[in-house]
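Subject: Structure handover

Hi,

Here is the structure I promised to pass on. Have a look at it first, and then read on for what turned up.

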Amino acid sequence: MRMYDIIHKKRDGASLTQEEIQFVVQGFTDGSIPDYQMAALSMAIFLQGMSPEETAHLTLAMAASGDQIDLGDVQGVKVDKHSTGGVGDTTTLVLLPLVAAVGVPVAKMSGRGLGHTGGTIDKLESIPGFSIELSKEQFVEQVNTKGAALMGQSGSIAPADKKLYALRDVTATVDSIPLISSSIMSKKIAAGADAIVLDVKTGEGAFMKTLDGSFALAEAMVNIGENVGRHTIAVISDMDQPLGFAIGNALEVQEAIDTLKGQGPADLTELCLVLGSYMVVAAGQAADAAEARAKLQEQLDNGRALETFKTFLSAQGGDASVVDDPSRLPQASKKIPVTLPGTGYVSHIHAEEVGTCAMLLGAGRETKESVIDLAVGIVLHKKVGDRVEAGEPIATLYVNDESKVQEVTNRLQAAYEVTETEPPKHRLIFGVVTQQGTERFEA
């Protein structure tokens with residue numbers, strides 16, 4: 001088998017066999033296939049696409065290129081949740097204890113962030129003492145006895161994907177639905193879940209900027225999951241403005257705590273209830289989403305979700321007293337309000353720009369070597385549809401290093417669009433993709 005022939009075949013629009021795809025992934029991972037040939041094949045895939053069967057074969061081959069986690073010792077149906085990323089996306093911190101409180105085991109593997117804020121691990125590490133250093137045995141035991149556990153994603157999970165993504169990033173082949181979907185799903189499959197719920201963001205602050213593109217990605221990932229024996233559901237949610245109010249690590253932890261107390265932002269609460277409902281259904285703990293939602297709401301109302309969060313934190317060495325006293329989280333030295341000169345209604349917030357502002361304050365990483373300041377970030381006070389009076393704060397900057405405050409203030413002001421008339425109501429959920437098909441919700 002020759003790489004030249006495989007490139008030629010895909011260049012001309014033919015489908016690759018499972019054996020050919022396995023040959024490519026194995027050879028690229030072990031270095032016997034050079035970057036320039038893999039770059040040529042990536043461009044051929046970018047231009048010609050891949051069938052659902054090819055994409056499933058690529059996903060499985062990349063999942064098999066490194067460690068695959070066996071969660072067979074965890075009792076019950078294991079459901080993983082993945083978000084394609086956005087600004088202020090705090091859902092995992094809420095969903096982990098909320099879904100576990102219903103009786104669904106949550107065995108979560110997460111990573112660190114690169115971009116506007118930290119990843120789930122960075123956020124949780126703003127809680128004093130919290131540690132992700134669990135052995136496989138400790139991880140399984142904690143899920144079975146406490147209902148939930150979280151550990152860092154090993155660098156040896158799907159190494160082929162890591163290597164391929166780095167190549168795609170410099171060869172203009174990132175924006176390919178088969179390559180994006182297989183990249184995401186290879187890591188989810190290697191992590192050992194029985195079922196997967198995907199939160200596919202759409203809009204300016206998301207990886208997929210258009211609604212049609214987001215649905216296409218969701219459909220591709222659901223097809224992969226079902227083709228490889230993992231029950232998969234995708235929810236398409238809005239990222240044209242930040243989710244919730246907080247952007248920053250300790251700030252997002254506090255917002256998650258507020259949400260578990262039933263006092264969180266309406267959009268964050270609603271999205272967690274929607275995603276959580278599908279997780280509970282996928283785990284077989286409810287007949288439909290309505291029954292699952294009622295169970296989740298009960299755990300919020302009776303305080304069990306909050307207690308589950310405390311138990312989870314304590315089990316991993318974290319100071320659970322932050323739940324009752326959030327002042328024990330890292331605190332910024334200064335709080336600086338940002339105002340607008342005019343009056344009107346907020347008609348649009350450039351979500352990606354808001355995320356960049358948080359990163360400039362130190363809440364995220366510009367490079368892998370960047371050091372995050374866990375205390376800093378932005379808390380929004382106005383979202384789309386809200387009325388703003390002249391001089392009224394639209395946000396507060398939480399700052400330790402003041403060197404970029406003026407730049408961030410200017411950029412944040414420019415990220416807000418204000419009109420005289422009230423804009424249409426903002427939609428949060430645009431649709432759901434399941435094995436049965438795609439349901440788009442009416443505007």
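Between the C-alpha centres of domain 1 and domain 3 there are 44 Å. Keep in mind that this is a predicted model. The domain assignment puts domain 1 at 3-49 and domain 3 at 331-419, while domain 2 is made of two stretches, 79-324 and 429-440.

Now for the pocket I'd look at. Where does the second largest pocket lie? Domain 2 and domain 3 both give residues to its lining, so the pocket lies between them. Its volume comes out at about 410 Å³. The lining has 18 residues, and those nearest the centre are Gln241, Asp267, Val384, Lys425 and His426. By type, the lining of this pocket splits into 9 nonpolar, 6 charged and 3 polar residues.

There are also a couple of sheets to find your way around.

One is an open sheet of 4 strands, which go in the order β6-β9-β11-β7 with antiparallel pairing. β6 (246-247) and β7 (334-339) are its edge strands, each pairing on one side only. β6 is joined to β9 (residues 377-380) by 2 bridges, in the antiparallel sense. If you want a spot to zoom in on, Ala246 has Val379 in β9 as its bridge partner. Helix α15 (residues 351-361) packs on this sheet, where it touches β6, β9 and β11 (393-399). The direction of α15 makes about 140° with that of β9.

The other is an open sheet of 3 strands, again with antiparallel pairing, in the order β10-β8-β12. Here the edge strands are β10 (387-388) and β12 (416-419), and each of them pairs on one side only. β8 (residues 344-349) runs antiparallel to β12, and 4 bridges join the two. Among the residues involved, His348 has Glu417 in β12 as its bridge partner. A helix belongs in this picture too: α16 (residues 405-415) lies across β8 and β12, and runs at about 45° to β12.

As a reminder for reading the sheets, strands pair through backbone hydrogen bonds, either parallel or antiparallel.

Shout if anything is unclear.

Cheers

Definitions and conventions
Residues numbered from 1 in each chain as written. Predicted model: local features only at pLDDT ≥ 70, side-chain atom pairs only at ≥ 80, totals over all residues. Heavy atoms only, no water. Pairing = 2+ DSSP bridges. Contact = heavy atoms within 4.5 Å. Axes fitted to C-alpha atoms, helices over the stretch in contact; angles between N-to-C directions. Domains from an automatic or database assignment. 1 Å grid on protein atoms, 1.4 Å probe; cavity = no way out; pocket = protein on both sides within 12 Å on 5 of 7 lines; lining within 4 Å. Points joined across faces, edges and corners; volume = space filled by probe spheres on them. Nonpolar A, V, L, I, M, F, W, Y, C, P; charged D, E, K, R; others polar.
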